[in-house]
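Student: I have just opened this entry and would like some help in reading it. Could we begin with the cavities?

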Amino acid sequence: MGTIESPNKKIKLNVKINEAGAPNFDVKLNEVVFLENSSLGMKTSIGQFAQNLKFIENQKKEVSETYELNRAKVSKVDYRANELVSTFINENSDTLKVIFRVSDRDLAFSYKIIGGKNQTKIRIKEETTAFNLPDYATAYITSQALPMIGWENTKPSYEEEYLKDMPVGTASKYGVGFTFPALFKLGKNGWVLISETGVHGQYVGSRLGEGNAQGIYTLEFPQEGENNGIGETYPSMALPAQTPWRTLTLGESLKPIVESTVAFDLVKPLYKASQEYKTGRAAWSWIVWQDKSINYDDQVRYIDMAADLDFEYVLIDNWWDNNIGHQRMEDLVQYANSKNVDVILWYNSNGYWNNAPQTPQDRMNSSPSRNKEMKWMQKIGVKGIKVDFFGGDKQHTMRLYEDILTDANNYGLGVTFHGCTLPRGWQRMFPNFITSEAVLASENLVFRQEALDKHALNATILPFTRNAVGTMDFAPVFLNNRLSRKQNEGTIRSTTDAFELATSVLYFSPVQHFGLTPNNLDEQPEYVLDFLREVPTTWDETVFIEGVPGKHCVIARRKGSKWYVAAVNGEKIGKELNLDLPMLKNEKVQMIYDKEDLTAGEKKVQVSSNAKLKIKLLPEGGALLISN
């Protein structure tokens, strides 16, 4: 019925309609099937678009756009794709258009519904979208959490552990499917990363349902109980209506997965930035020193540390309104600014849909309270907010994200979200969106020894999954041997110092909240501190070097003319890597490496004329290469 190829003709997508009038599609990469017959369509308040459809026409065109990003893993994108629009009508003569885009490493599709006469609105009750992976595929995916479980009923929050290299059809932890993004390995044939982009207040955040042994994963909407039952599970829209884009990134290797920009290629900014939002590094007392550090004197210590390391920000976390107060916060912000450090303040998203007790509460959940608080922040010079505890993907909740971002832009505030959903293209859509957690992040390294024991392993999975589709506020770099204030208690770290430093480049977040503590300034050598003073948090170019999920990962990132190459070992055995580094050919570069006592050493190394360099990594070790 219809076929479209990528510009380089390696990816081929076929659209068909079966005898029951149900549309479906399949995908090949280099003539190898990556997605088998997969269903399309939806059921809505104005009728169903899943079967008994009549094919009308196909339209094709080329798509070309060059755009710039200022808070991403690349700064300039030349997007080239071929587009196919397949048009169907249902029994009521309403129109469904399926819009496909295929670039050299990604494909995406979106539905557009055009109602008949006098139809102005639609409720999309269900999508019949499915992804049919080959039955020999294995998955690296995270389970969807049940509503209102976890700490103080704050889930789902995209903070579950990854299933690793599991056969398709393996049950999720809770029996309700899996969150995006989802990575599948197709044996020796390659990899597929499935996700979505372009979700905001007009739709719900979707997920994959439970897969079966044949590799079929359906698209599912939020669960009824999310956000304490507030809001509908399905989206309601004005007609004509267009859904978000579902995306697939394909590769014979993991290179397209790491380097993909498909989350941004298909969206546009929703409003203009009120100002230029500054990115950079942040000191953060709470991550190691926890709640007791949220007091005036300890925050002064962290501001001083941020100033010593030339960090742009300090993040002051929960309970600051009780322990410091609004009046003294004005003094603290003034002190930070005198040190050339800006302040980010934590807020509870609200709390009436969970039992999280942390304050400030009830400042971000309604427009009047939000604007009053943001006006105060603007007045005293606060530059960013971190808003926590959302707990769902309903359209109601997506509107809250959008409203917080929109209002914050009016007051020059950058926004970080925690306890939250996956950011689906938001780095381009919202100019003051900075970063999101949506991952089993570093607080768990402090809370649970088991999490710290898996820290290195997970560092070799996240670059190919969660961090591949958007900014990820993991909060890296811990240099205390025990993750506590006095280091006489707490979880015990087994990763090397070089590994920890490498995660600041390996993980991407436009504001990187570090797990450093003031004592690190006296304990670490000057070359480590100099690295921390200079490491960028946004990049002009990102290149996958090599890696295997669960084994090791090496990624190169460029800022201006300077390259940073981060290597981490996810296993508890040492290894030697022979890296291919064309961007460093014939160069003598700085190397931060593993010393036998697990501290970080520093030396100069020469990359050969054939761009090769051998490096050794200790168990759970790492290395950094930095060009001149």
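Student: Which residues lie nearest the centre of the largest cavity?
Tutor: In this predicted model, they are Leu440, Lys454, Asn458, Leu462 and Phe474, among 15 lining residues. A cavity is a set of points on a 1 Å grid over the protein atoms alone where a 1.4 Å probe fits but cannot get out, and lining residues have an atom within 4 Å of a point. Residues are numbered from 1 along each chain, local features need pLDDT of at least 70, side-chain atom pairs count only at pLDDT 80 or more, and totals for chains, interfaces and linings use all residues. Side-chain values use heavy atoms, with hydrogens and water left out.

Student: Which elements give two or more residues to that lining?
Tutor: These are β14 (162-167), α10 (443-447) and α12 (455-459); helices (H or I, at least four residues) and strands (E, at least two) are DSSP runs numbered from the N terminus.

Student: Changing topic, is β25 mostly covered or open?
Tutor: Strand β25 (residues 384-388) is mostly covered, with five of its five residues buried (under 20% relative accessible area, 1.4 Å probe, protein chains only). Gly384, Lys386 and Asp388 are on one side, and Ile385 and Val387 are on the other.

Student: And which residue stands opposite Asp388?
Tutor: That is Asn348; five bridges join its strand, β24 (residues 342-348), to β25 in parallel. On β26 (residues 414-417), which four bridges join to β25, also in parallel, Phe417 stands opposite Val387.

Student: What does the chain pass through from β25 to β26?
Tutor: The chain crosses through helix α8 (residues 395-410).

How values were computed:
On a 1 Å grid over the protein atoms alone, a cavity is a set of points where a 1.4 Å probe fits but cannot get out, and a pocket is an open set with protein on both sides within 12 Å along at least five of seven lines; lining residues have an atom within 4 Å of a point. Buried means under 20% relative accessible area, exposed over 50%, partly exposed in between (1.4 Å probe, protein chains only). Two strands pair if DSSP finds at least two bridges between them. A crossover is right-handed if, with the strands pointing away from the viewer, the path from the first strand over the helix to the second runs clockwise.
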